[in-house]
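Colleague: I am new to this structure and would be grateful for a close look at one part of it. Could you take a single helix and explain how its residues pair with one another, and what that helix meets elsewhere in the chain?

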Amino acid sequence: MEATAIGNQVEYTGDPEDLATLVSKLTSVMEEVQYIKKTGENTYHGYSYLTEKDLVEKIRKPLIDENVMIFTSSEEVETQKNDNITRVRTEHTFVCGDTGATVTVQSRGQGQDDQDKGGYKAITGSMKYFLYKTFLVPAGDDPEQDQYISGPQIEKVYKGAKTFG
């Protein structure tokens, strides 16, 4: 088996035919997983979001059907005590159960908690965005798109502006 690194971000093992099989299986998962409705709700800031649970529920079965496993490892990068922020770097390895070929992708996450859950939140966030972006899951939004806000959201914006103004 060969091992190659590309920009220290993606690593893979396996001969070209085995890697092609794994990529084909991942593409099938991508094809199977279409739009996922946002079920998470942030009532304080007034927005909905895609949860890790939503992603895992949609992606898990297609991965099983394709005989592909994901192994995740994490490493704490830093914890800022003043802000209660924990940052982690994670590695997610896809393993083809048929050929043994692997693809490993790095990801990062950040979690904020004043107790002992900052690391768990960071790992969950990292896994969520790894799945979200790897499988190009559409969630019906674009963070760069200008949005019209009204009602409770606009009131919060005005209150925040008055606080700083």
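Modeller: Let us begin with aspartate 65 and lysine 61, which both belong to helix α2 and stand four residues apart, about one turn of the helix. The model is a predicted one, and the values that follow are computed from it. Aspartate 65 and lysine 61 form a salt bridge in which the closest N and O atoms are 2.6 Å apart. Both of these residues, aspartate 65 and lysine 61, are exposed.

A second pair in the helix follows a similar description. Glutamate 57 forms a salt bridge with lysine 53, with 2.9 Å between the closest N and O atoms. Helix α2 covers residues 52–65, and because glutamate 57 and lysine 53 are four residues apart in it, about one helical turn separates them. Glutamate 57 and lysine 53 are both exposed. In general, side chains of opposite charge can pair when their charged atoms come close.

Another residue of helix α2 is arginine 60. Its relative accessible area is 54%, and since exposed means over 50%, arginine 60 counts as exposed. The C-alpha atom of arginine 60 lies 9.6 Å from that of isoleucine 70, although ten residues along the chain separate the two.

What does helix α2 meet? One partner is helix α1, residues 16–32, whose axis comes within 9 Å of the axis of α2 and crosses it at roughly 140 degrees. This angle makes α1 oblique to α2, and the crossing is right-handed. The contact brings Leu26, Val29 and Glu32 of α1 together with Ile59, Pro62 and Leu63 of α2. Sorted by character, the residues of this contact between α1 and α2 comprise five nonpolar, one charged and no polar.

Another partner is helix α3, residues 118–134. The axes of α2 and α3 come within 9 Å and cross at roughly 45 degrees, which makes α2 oblique to α3. In this case the crossing is left-handed. From α2, the residues Glu52, Leu55, Val56 and Ile59 take part, and they meet Thr124, Met127, Lys128, Leu131 and Tyr132 of α3. The residues of the contact between α2 and α3 divide into six nonpolar, two charged and one polar. Ile59 of α2 is named in the contact with α1 and also in the contact with α3.

The salt bridges of α2 can be set against the whole structure, where a search finds six. One of these lies between lysine 117 and aspartate 116, with the closest N and O atoms 3.4 Å apart. Lysine 117 is partly exposed because its relative accessibility is 44%, whereas aspartate 116, with a relative accessible area of 57%, is exposed.

Finally, the setting of the helix. The protein chain contains four helices and seven strands, and read from the N terminus its elements run β-β-α-β-β-α-β-β-β-α-α. The chain has 165 residues, of which 30% count as buried. Among the contacts in the chain with a separation of 6 or more, 55% join residues 24 or more positions apart. To gather the picture of α2 itself: the helix holds the exposed pairs glutamate 57 with lysine 53 and aspartate 65 with lysine 61, while other residues, including Leu63, meet α1, and Leu55 and Val56 are among those that meet α3.

Notes. Residues are numbered from 1 along each chain as its sequence is written. This is a predicted model: local features need pLDDT of at least 70, side-chain atom pairs count only at pLDDT 80 or more; totals for chains, interfaces and linings use all residues. Side-chain values use heavy atoms; hydrogens and water are left out. A salt bridge is a side-chain nitrogen of Lys or Arg within 4 Å of a carboxyl oxygen of Asp or Glu. Helices (H or I, at least four residues) and strands (E, at least two) are DSSP runs, numbered from the N terminus. Buried means under 20% relative accessible area, exposed over 50%, partly exposed in between (1.4 Å probe, protein chains only). Axes are lines fitted to C-alpha atoms, for helices over the stretch in contact, and angles run from 0 to 180 degrees between N-to-C directions. Angles under 35 degrees count as roughly parallel, over 145 as roughly antiparallel, 65 to 115 as roughly perpendicular and the rest as oblique. A crossing is left-handed if the near helix is turned anticlockwise from the far one by less than a right angle, and right-handed if clockwise. Contact means heavy atoms within 4.5 Å. Ala, Val, Leu, Ile, Met, Phe, Trp, Tyr, Cys and Pro count as nonpolar, Asp, Glu, Lys and Arg as charged, and the others, Gly among them, as polar.
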